[in-house]
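Got your viewer open? Let's take a short walk through this structure, one selection at a time.

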Amino acid sequence: MAFVQFSKVSLSFGDKKILDNVSVNLKTGTKAALTGANGAGKSTLIKIMAGLQEPDGGERIAQKDARIAYLPQSGLTHSGSTLLEEADRAFEYGYKIQEEIDKIGDALKENPSNSKELLEKHAALLASLESSGWYRREALAESVLLGLGFDRKDFDKMTDEFSGGWQMRIALAKALMQGPDILLLDEPTNYLDLEARAWLETFLQNYKGGFLLVSHDRYFLDVTINEVYELFNGQLNRYPGNYSHYEKTRESELKTLLAEYQKQQEEIQHLQSFIDRFGYKASKAVQAQSRQKMLDKIVPIEIPDSLKKIHFKFPPAPHSGQIVLRLNGITKSYDGATNVLDKLDLQLENGERLVVVGHNGAGKSTLLRIIAGVDKDFSGEIIPGAGVQIGYFSQDSAETIKGSESVLQSIENICPLELVPKARDMLGAFLFRGDDVFKSLDVLSGGEKSRVALLRLLLKPINLLVLDEPTNHLDMHSKDALLEALKDFGGTVVFVSHDRGFIQDLATRVLELKPGSARNFLGGYEYYLERLEAEAGGNENGSQAQNSANKNGSQGQNAASGKSSQNQNAAASQKSAAALSWEEQKKAANERKRLERLVEKLGTQIEEKEAAKKALEEKMSDPAVYSNGAAAKEVQAQIAAVDTELEALNVEWEKAAEELG
């Protein structure tokens, strides 16, 4: 079992401790997430693990020849080769092994008398070459590239021709193809669409090595990892289970702290309000100064940003008619030969939240630009409803953010009067915290400008929001705040997103685009996936007639019958539940209590094993142990034994928790 252990790693930037005696052990089979507030040091810690940055103190202990692959958030480019040639560079490890094997073959020819040692080394290298995926490298490269969204026609394209997002996909593909012992992935889903994310989820679920990743996609984390490391105030703590379980555990853990935090925030607000109100009045100057001193003496309580619940509502949407928008026969072509959109009909009703899905190139962003009135080069007809006021956001919106005014001023200038007191909170939800609100617009990064553009749009009196990837550049906490605000929004929303959790929670209707065709699903994203799964099953069984009925049922003319069928299914389900006998209900309640006790018991056992492992890891970091080969081996064996027990307990806990629901 390959492993890399980091013991008591420390790093400071000036007076701020980023890492304070951090210890972590990554090994084969690790499926972990690294979380923490922006600026907590997640990317720094990953760079130290990858060997790209030296810490101020601490030690790194690694099994001999353990291989680590690292993917940064951005900044990687490739040039001078075709896509397949660049992909083949991921197998450099195998090429080096092959060179050693060839050298041993030459040595055996020259000196056959010394063959025993050489043959043993030769056999070990062959085994290593096999495990590296060397003999399957062409098939693996093809599988990974297609899975991440590349087309076969891209294989011979020069890498210089790919955009920044696709450059990062190339880098991700190479990291995965290396098949390292440990994968370190910093925001690997940033440039992936839904289909590529789904493929990556499956890849990581089946990955034999270990991985640690940073991501702001809750669904992605929930289906790929089974432990979370939280970096908070320089300390690193481990939580077994998926990300949602970590959030629940952490919130429960910090319940008292959260209450104290809220109380302190109210006290700070009260003092600041008095100072702001009376600070310039001579008759109240003494009292204001006294309160300022009280404010200065408060030591702020810090809690993870993910647990700070910021709630706000956008201005009420202006009234519009029931029919918000009609699209009749919309056709769009970029080359005059192939229609991206072909005679698309769509009727949008007030209050709907329509998500547009489809593969890259299916026309999602094109449709949004047409609806928003940005793209007028199409045929067909758009008929807006009465009183419709459209607001459009895309990544290009960042280009409109410029000027010398501060971020705070730019928001306050357009903010409705009743929301001005909430301006700092809203900016905080969009990742502008502390002194960041005083930055001038001209010095902001592209991501920061996108966040300002999105917030400014949402503060305008609009009743039809057209949003193209609104969650890009937002962390999990910010996405939650945006999601709640959009769910409370009184108007209509049309959006594109690659964040499955965001889509599932927001969408009430799905429009699926394929090149030249479209299908309408009158239900949320889960309903859409269920329909696709049912159709796939129907195809496998040769149920062509049923598939035809399904397809027709998704069209507007059969919308009423589709809704009726859903209502009948729901009614049947409710009737079935009501028909449960008292004995069955009692049995179900007893079973739930049993599962609750089991989950609690397993949780306690996991915590005990975690404590035992931590004690062993601290023992391992003792120079008297790790400098003694036999002692270090014994402690490592004990850690491995505890890990095995923990893995079994976690599997049992997850099974019980899933049954409990």
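Start by selecting residues 31-35, which form strand β3, together with β7 at residues 210-214. This is a predicted model, and in it the two strands pair in the parallel sense, with three bridges between them. For one of those spots, click Ala33: its bridge partner in β7 is Leu213.

Now keep β7 on screen and add residues 182-186. That's strand β6, and it also pairs with β7 in the parallel sense, this time over five bridges. Click Leu185 and look for its bridge partner in β7: Leu213 again. To see how the chain gets from β6 to β7, select residues 194-205, which is helix α7. The path runs from β6 through α7 to β7, and this β-α-β crossover is right-handed.

Next, show the side chains of β7. Which residues point which way? Gly210, Leu212 and Val214 go one way, while Phe211 and Leu213 go the other. That fits a general pattern: in a regular strand, side chains alternate between the two faces of the sheet. Is β7 buried or exposed? Five of its five residues are buried, so the strand is largely enclosed by the rest of the structure.

For the last stop, jump to Thr471. You'll find it in the loop between β15 (464-468) and α16 (476-488). Even in a loop, Thr471 counts as buried, because its relative accessibility is 7% and the cut-off for buried is under 20%. Who's around it? Skip the neighbours within four places in sequence, and Thr471 is in contact with Lys479, Ser497, Asp499 and Phe502. Select those four to finish the tour.

How values were computed:
Residues are numbered from 1 along each chain as its sequence is written. This is a predicted model: local features need pLDDT of at least 70, side-chain atom pairs count only at pLDDT 80 or more; totals for chains, interfaces and linings use all residues. Side-chain values use heavy atoms; hydrogens and water are left out. Buried means under 20% relative accessible area, exposed over 50%, partly exposed in between (1.4 Å probe, protein chains only). Helices (H or I, at least four residues) and strands (E, at least two) are DSSP runs, numbered from the N terminus. Two strands pair if DSSP finds at least two bridges between them. A crossover is right-handed if, with the strands pointing away from the viewer, the path from the first strand over the helix to the second runs clockwise. Contact means heavy atoms within 4.5 Å.
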